[in-house]
Amino acid sequence: MPEDNADKPYIVTCTAPVNIAVIKYWGKRDEDLILPINSSLSVTLHQDQLKTTTTVAISRLFKEDRLWLNGKEEDITHPRLQSCLREIRRLARKRRNDGDPDSTGLSHKVHICSVNNFPTAAGLASSAAGFACLVYSLAQAFGVEGNLSGIARQGSGSACRSMHGGFVQWIMGNREDGKDSVAQQVEPESHWPELRVLVLVACAERKPIGSTSGMQTSVQTSLLLKHRAESVVPCRMGEMIDAVRRKDFPAFAELTMKDSNQFHATCLDTYPPIFYLNSVSQQVIHLVHRYNRHYSETRVAYSFDAGPNAVIFTLQQHVPEFVQVVQHFFPPDTNGEDFIKGLPVRHVALSEELKRAVGLEPMPKGINYIISTKAGPGPRVADDPSQNLLSADGFPKETKAPLI
Ligand code: DP6
């Protein structure tokens, strides 16, 4: 933090992406440090479509640390927020002790303001983008560098993977202090430019059981989860990294679907069971398998997190037809104008043969809309000051980021 004007808050704004796991994280071996029982792998989604924006202001005039989330002041004493703040300040202190003259403002309080451009807690990994953005912005403000994924992990496990772009693995590590439980980039976003992601937003309501408590019960009760963590995921991680490196879509797609299915099987094996998929999710699963069967080729894959929204992976050349299939079997409310957001999708006509091959009963309004996106980069500093969510005095501007 440069100190040219001591009374003026130092302000920095950053953005961070959402990520979708294709090998899922589910279960902790340490609740406080957020250490997982298995490694995981994800695709970072492009921030042009889905992102969190966070502004951090530091000033010696601020009385206390404060936080505003999506327009509302929140309690900053939440232990996970406190872990992230504490760790960044610790690193900044270390830098100062090592003689870096830039690391000032250490005793000053921070104001943090954050917004998502997508519905919070709709199963779209908002905590991942949120904590990644918080940690990245705080690090910028306090002049801290290096692999910060271990700090983002202490906000929310999946957040560590949002600290990098492209294809990212979270190595579970085995140290008790968690120092080796970090995220690393496997390949950058430019590695597989044909890969496309479609988020099928089935329901924008709050999810029934949050990931944190859901996975706690799974660890306590599911033998399938134990087997998965010990015997299935270690092999799958290697296979998935290999499929990504070779850009082998059928291998990537099959592993993605099997891993999503096994994660939801562990939820059903949890006692009492947890259900994240609904009838729309099931219909999407059938639709994908029937579509692939029609072409005798794995062209499309699905993945579901702790909610009913499907995330579809496919290659660019199949997007227009698959989107049309979704629109046909989930007829939207409107004439389809607002049904597709994000990257533009060309309209194509569906053959009667394909409709017959899928052969499902249409579910009107089952899917609210589709977000069409692709892999993207990790967190960024926003250079344009108009993106600041805090005004020059360090208090929230009244403007809200437009929702997609
Ligand atoms: C199903 O990272 O939200 O999305 O670490 O308790 O904050 P906490 O959980 P969280 O769990 C994400 C679970 C998942 C799978 C995944 O992203 O790997």
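## Burial and helix α8

A residue counts as buried when its relative accessible area is under 20%, and as exposed when that area is over 50%. In this predicted model, nine of the eleven residues of helix α8 (residues 319-329) are buried, so the helix is largely enclosed by the rest of the structure. The buried residues of α8 are Val319, Pro320, Phe322, Val323, Gln324, Val325, Val326, Gln327 and Phe329.

Across the protein chain, 55% of the 404 residues count as buried.

## Overall fold

The protein chain contains nine helices and 17 strands. Its radius of gyration is 22 Å, close to the 22 Å that the globule rule gives for 404 residues, so the chain is as compact as a globular protein of that length. The C-alpha trace spans about 70 × 45 × 40 Å along the principal axes.

Contacts in the protein chain can be sorted by how far apart the partners are in sequence. Of those between residues at least 6 apart, 78% join residues at least 24 apart. The surface that the protein chain exposes comes to about 17,500 Å², and carbon and sulfur atoms supply 49% of that area.

## Helix α2

Two residues of helix α2 (residues 126-142) are described here, Ser137 and Ala129. Ser137 is buried, because its relative accessibility is 0% and the cut-off for burial is under 20%. Leaving aside neighbours within four places in sequence, the contacts of Ser137 are Val12, Cys14, Thr54 and Val56.

Ala129 is also a buried residue, with a relative accessible area of 0%. Not counting residues up to four places away in sequence, Ala129 touches Ala16, Pro17, Val18, Thr52 and Ser162. Ala129 and Met163 are 34 residues apart along the chain, and their C-alpha atoms are separated by 8.6 Å.

## Charges and salt bridges

The protein chain carries 44 positive and 44 negative side chains. The centres of the two sets lie 1 Å apart. The count of salt bridges comes to 16.

Arg228 and Asp259 form one of these salt bridges, with the closest N and O atoms 2.8 Å apart. This pair links distant parts of the chain: Arg228 belongs to helix α5 and Asp259 to helix α6 (residues 249-269), and the two are 31 residues apart. Arg228 is buried at a relative accessible area of 0%, and Asp259 is buried at 0% relative accessibility. Elsewhere, salt bridges that share partners join Arg86, Glu87 and Arg90 into one network.

A salt bridge also joins Arg245 and Glu187, whose closest N and O atoms are 3.2 Å apart. Here too the pair links distant parts of the chain, with Arg245 in helix α5 (residues 223-246), Glu187 in strand β11 (residues 183-187), and their positions 58 residues apart. Arg245 is partly exposed, at 46% relative accessibility, whereas Glu187 is buried at 16%. The side chains of Lys94 and Asp98 meet in another salt bridge, at 3.8 Å from N to O. Lys94 is partly exposed, with a relative accessible area of 49%, while Asp98 is exposed, with 59%. The value for Lys94 is 49% and exposure requires over 50%, so Lys94 stays in the partly exposed class.

## Backbone exceptions

Most residues other than glycine have a negative phi, and most peptide bonds are trans. A few places in the model depart from this pattern. The peptide bond that joins Tyr271 and Pro272 is cis, with omega at about -5°. Pro272 sits in the loop between α6 and α7 (279-295).

Lys247, which is not a glycine, has a positive phi of about 50°. Lys247 lies in the loop between α5 and α6 and counts as partly exposed, at 38% relative accessibility. Ser296 is likewise not a glycine and has a positive phi of about 50°. Ser296 is placed in the loop between α7 and β13 (300-303), and is exposed, with a relative accessible area of 68%.

Key
Residues are numbered from 1 along each chain as its sequence is written. This is a predicted model: local features need pLDDT of at least 70, side-chain atom pairs count only at pLDDT 80 or more; totals for chains, interfaces and linings use all residues. Side-chain values use heavy atoms; hydrogens and water are left out. Helices (H or I, at least four residues) and strands (E, at least two) are DSSP runs, numbered from the N terminus. The radius of gyration is taken over C-alpha atoms; the globule rule is 2.2 Å times the number of residues to the power 0.38. Buried means under 20% relative accessible area, exposed over 50%, partly exposed in between (1.4 Å probe, protein chains only). Contact means heavy atoms within 4.5 Å. Accessible areas come from the Shrake-Rupley method with a 1.4 Å probe; for residues, only the protein chains shown count as cover. Lys and Arg count as positive and Asp and Glu as negative; His and the chain ends are not counted. The place of a charge is taken as NZ of Lys, CZ of Arg, CG of Asp or CD of Glu. A salt bridge is a side-chain nitrogen of Lys or Arg within 4 Å of a carboxyl oxygen of Asp or Glu.
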